[in-house]
Amino acid sequence: MLETVKLSKTFKEKKAVEEIELYLHAGESVGLLGPNGAGKSTTISMISSLMKPTSGDVKLDGKSIIKNPSEIRKVLGVVPQEIALYEELSAYENLKFFGKIYHVAKEVLENRIQEVLEMVGLKDRQKELVKTFSGGMKRRVNIAAALLHKPKILILDEPTVGIDPQSRNHILETVRKLNEMHGTTILYTSHYMKEVEQLCNRVYIMDHGRVVASGTKTELLSILSTEDTIQIQLSKKSDSLLNTIKAIEHVRRVDETTQGIRIISKKGSNILSDLVHAAEKEGIQIIHFQMEVPSLEDVFLHLTGKTLRD
Ligand SMILES: Nc1ncnc2c1ncn2[C@@H]1O[C@H](COP(=O)(O)OP(=O)(O)O)[C@@H](O)[C@H]1O
Ligand SMILES: [Mg+2]
């Protein structure tokens, strides 16, 4: 549906975005993750035709939108990182204003405003001035504005940064509903790995203007390791048990730790029954067993050397 081809942007000497290639299939929910300055917002600006690329292309259904931006504006809703609302107007008046900008037909605008207010949970606050709203409520008005023209694709640029938990949950729920119930295609930019894990089928990880990894959560996790790490706590220490465990097939390493022992085995090899069996034979109980599952946060750290919440 939407695709970028070697999309690049250079500001003076600074290469903000370098040959980014990403695609969105209709109905997908895709995450765009990256630390500050990675080039996420610049990429979004070029996709939404607010900024001209230095080189490369953005294609909608196979056709370049660089020379014909009106096509993409019809199908795309963008929730920018910076909140752009008229503080002295009410939520309703802001939406009316945005409706006109987006050329929503007069006859349907009133209904659409009420529909989108309902979606973001602000229907009963619509008469109130935006300047009295919390950051989270303002962000929800912004999302409502982006939805007025019923976009097929919705791009959100870090929509939950710095807002209250209630608004945050509301936003996540709204995005999920749009994707699952209305079939809206989503590109969701965030610092928060957990949100992306919840909402997205696929993820692109950006750093220094480039895509450093992409794929489903499972695919990304497989980058990190070919091994499983298991921690066990035993009822007592035993060197002979340690040796028996070392001899189990697929076990690569066994180390004593302060909590017990750490076993590294080949990814996906199920050594649990062998482990239980070995302990039983020695008359030792396994008090605690834990698989250490690497998270996307670990993958991110591995690829970029940074944590996401920097
Ligand atoms: N208008 C601009 N002029 C000069 N440099 C810019 C401009 N916009 C962004 N940059 C630079 O490009 C890089 C990427 O920025 P941005 O796309 O905002 O990253 P992100 O959204 O991932 O935090 C940063 O180094 C930023 O300083
Ligand atoms: Mg940004």
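**Entry 1: a nonpolar patch**

I began with F289, which is partly exposed at 32% relative accessibility. I am working on a predicted model, and I keep that in mind throughout. F289 sits in strand β15. I then looked up what F289 belongs to on the surface. F289 joins L272, V276, M291 and V293 in a nonpolar surface patch of about 410 Å². I also asked which elements build this patch. Both α10 (272–281) and β15 (286–292) supply at least two of its residues.

**Entry 2: the shell around ligand 1**

Next I turned to ligand 1. Which residues are around ligand 1? I listed F11, K14, A16, P35, N36, G37, A38, G39, K40, S41 and T42. I sorted this shell by residue type. I got 4 nonpolar, 5 polar and 2 charged residues.

Then I checked contacts to oxygen atoms of the ligand. A polar backbone atom of G37 is 2.7 Å from an oxygen of ligand 1. For A38, a backbone N or O atom lies 3.2 Å from a ligand oxygen. S41 uses its side chain instead: a polar atom there lies 2.8 Å from an oxygen of ligand 1. I noted the cover as well. On its own, ligand 1 has 560 Å² of accessible area, and the protein covers 61% of that. Two elements give two or more residues to the shell, β2 (14–20) and α1 (40–47). The most comes from α1, with 3 residues.

**Entry 3: helix α1**

I stayed with α1, since it had come up in the shell. Is α1 mostly covered or mostly open? It is mostly covered, with 7 of its 8 residues buried. The buried ones are K40, T42, T43, I44, S45, M46 and I47. K40 and T42 also appear in my list of residues around ligand 1.

**Entry 4: a salt bridge from α1**

I followed K40 further. Its side chain meets that of E158 in a salt bridge, 3.5 Å from N to O. K40 is in helix α1, and E158 is in the loop between β8 (153–157) and α6 (165–182), so this pair ties together parts 118 residues apart in sequence. I looked up how covered each partner is. E158 has 4% relative accessibility, so I count it as buried. K40 is buried too, with a relative accessible area of 4%.

**Entry 5: other salt bridges**

How many salt bridges does the structure hold? I found 17. I picked out a few more of them.

K138 and E87 meet through their side chains at 3.2 Å, N to O. K138 lies in helix α5 (residues 135–147), while E87 lies in the loop between β7 (76–79) and α3 (91–101), so the bridge ties together parts 51 residues apart in sequence. K138 counts as buried at 15% relative accessibility. E87 counts as partly exposed at 32%.

The pair E180 and R176 stays within one helix. Their side chains form a salt bridge at 2.6 Å, N to O. Both lie in helix α6, 4 residues apart, about one turn of the helix. I reminded myself of the rule behind this. An α-helix has 3.6 residues a turn, so residues three or four places apart point the same way. At 53% relative accessibility, E180 is exposed. R176 is partly exposed at 31%.

I also noted a network. Salt bridges link K15, E18 and R210.

**Entry 6: positive phi values**

Last, I looked at backbone angles. Most residues other than glycine have a negative phi. I went looking for exceptions. What is the phi of S49? It is positive, about 60 degrees, although S49 is not a glycine. S49 comes just after α1. Its place is the loop between α1 and β5 (55–60). S49 counts as buried at 17% relative accessibility, because the cut-off for buried is under 20%.

K6 also has a positive phi, near 45 degrees, and is a residue other than glycine. Where is K6 found? K6 is in strand β1 (residues 2–11). I checked its cover too. K6 is partly exposed, with a relative accessible area of 46%.

Terms used: Residues numbered from 1 in each chain as written. Chains lettered and ligands numbered in written order. Predicted model: local features only at pLDDT ≥ 70, side-chain atom pairs only at ≥ 80, totals over all residues. Heavy atoms only, no water. Patch = residues over 30% accessible without salt bridge, like charges linked within 9 Å, V, L, I, M, F, W, Y side chains within 5 Å. Areas by Shrake-Rupley, 256 points an atom, 1.4 Å probe, with all protein chains shown as cover. Salt bridge = Lys/Arg side-chain N within 4 Å of Asp/Glu carboxyl O. Buried < 20%, exposed > 50% of the residue type's maximum accessible area, 1.4 Å probe, protein only. Near = heavy atom within 4 Å. Polar contact = N/O pair within 3.5 Å; in protein donor to acceptor, adjacent residues only side chain to side chain. Nonpolar A, V, L, I, M, F, W, Y, C, P; charged D, E, K, R; others polar.
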